[in-house]
Amino acid sequence: MNVIFDKPLSLVVDMFGCPNRCGHCWIGHMPNKKMDGGSDIWIVDFFKPYFKNIAYYSWLREPDYCDNYRQRWERDKQISVGIQPERFELASFWRIVRDPQYVKFLKGVGVKKVQLTFFGMEEMTDKYTGRKGAFNELLEATEILLKNQIAPRWQAFINEENKNDIRKLLELADAMKLKEKCCEFGADFKFFVHSGSCDGENRKLYGIRINKENIPSELLPYYLDYSNVLSEQECCNLLKNDSSCFVYHNSDQIVLNISNTYDIYFNFTHMTDVWKIGNLKSDDPDEIVRRIISEDIPALNLAKNISVGELTQKYGDFQSQKVFFIDDYKSYLLNTYLENIQ
């Protein structure tokens, strides 16, 4: 294969692992394993003959989860080709509370707001983060960010088990005067609630996914894109006669998630075998790139053979009031189908 593709490629690599085991993790849990130091350039070199523009990211789960995060960020930029990796609203709250220099690093690379994820108050947040002390660390990280004029964004995942706790979390944000403190340096504090997609670890929580009528009324103004929230029953009635197929596609760029064992996946849904493109160490590079460009993987090929309506009739619950966004529900149905035919 001698073709060089113009479409930008982002390589998102699990080089260092993650301190948390969050109950909402949409890519799914995987073992922590530090990759070899030279794995970064090896991975970039794997794709260089095929892609003109490559952005390299050394984290897939917890950002900056390595002691030499400054050098690591410079290294990510250095080995990227044609384009540069970007900073987002994601940062390591684990590191914010342990390393006083880290927040200064964030400030220095232009980070203006950082998302912090809660699952309610202390007991629930520690439980769903998978680590004792996570809740208090999130509160400490909030204060550190504010002192450095970086706006915290509190994201809360809601389900039937923690819905009352999320109400208390909103009250806590008000008591801490986070909105006023952000206004002091010209920023906005954002508090938002949602149920998350239904893949990865969050898929295991389907049984306690919140019913639409059980979302506390005071949280509705903070529910992300609430006007587009549907019950599963509403989704089923909308989709039951849909003759189209639900097939993910890459649009203006390709994003690949790469595990610490060199398995690669599109950034579509969780990282399970049926979604695997291949393995960089054991598969032929030409064949790997062919699968990427043609989107030739088992899950997508199977998705082309069943309509959304058929998925709904087979796996939808027409009585359920559990909340979804419509595309997340299609993904849930497709993954249910893929699990059932394996």
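**Exercise 1.** Determine which way the side chains of strand β8 (residues 263-266) point, and whether they are buried or exposed.

*Solution.* Step 1: D263 and Y265 point one way from β8, while I264 and F266 point the other way. Step 2: all of them are buried, where buried means under 20% relative accessible area, exposed over 50% and partly exposed in between, with a 1.4 Å probe and protein chains only. Strands (E, at least two residues) and helices (H or I, at least four) are DSSP runs, numbered from the N terminus.

The model is predicted: local features need pLDDT of at least 70, side-chain atom pairs count only at pLDDT 80 or more, and totals for chains, interfaces and linings use all residues. Residues are numbered from 1 along each chain as its sequence is written, and side-chain values use heavy atoms, with hydrogens and water left out.

**Exercise 2.** Find which strands pair with β8.

*Solution.* Step 1: two strands pair if DSSP finds at least two bridges between them. Step 2: strand β7 (residues 254-258) runs antiparallel to β8, joined by three bridges; Y265 is the bridge partner of N257. Step 3: four residues lie between the strands of this hairpin, in which Y262 has a positive phi near 75 degrees. Step 4: strand β9 (residues 276-279) also pairs with β8 in the antiparallel sense, over three bridges, and N279 in β9 is the bridge partner of D263.

**Exercise 3.** Describe the surroundings of D40 in helix α1 (residues 39-47).

*Solution.* Step 1: D40 counts as buried because its relative accessibility is 1%. Step 2: leaving out residues up to four places away in sequence, D40 touches M15, Y56, R72, R75 and I79, contact meaning heavy atoms within 4.5 Å. Step 3: the side chains of D40 and R75 make a polar contact (2.8 Å). A polar contact is a pair of N or O atoms within 3.5 Å; within protein, one must be able to donate a hydrogen and the other to accept it, and residues adjacent in sequence count only if both atoms are side-chain atoms.
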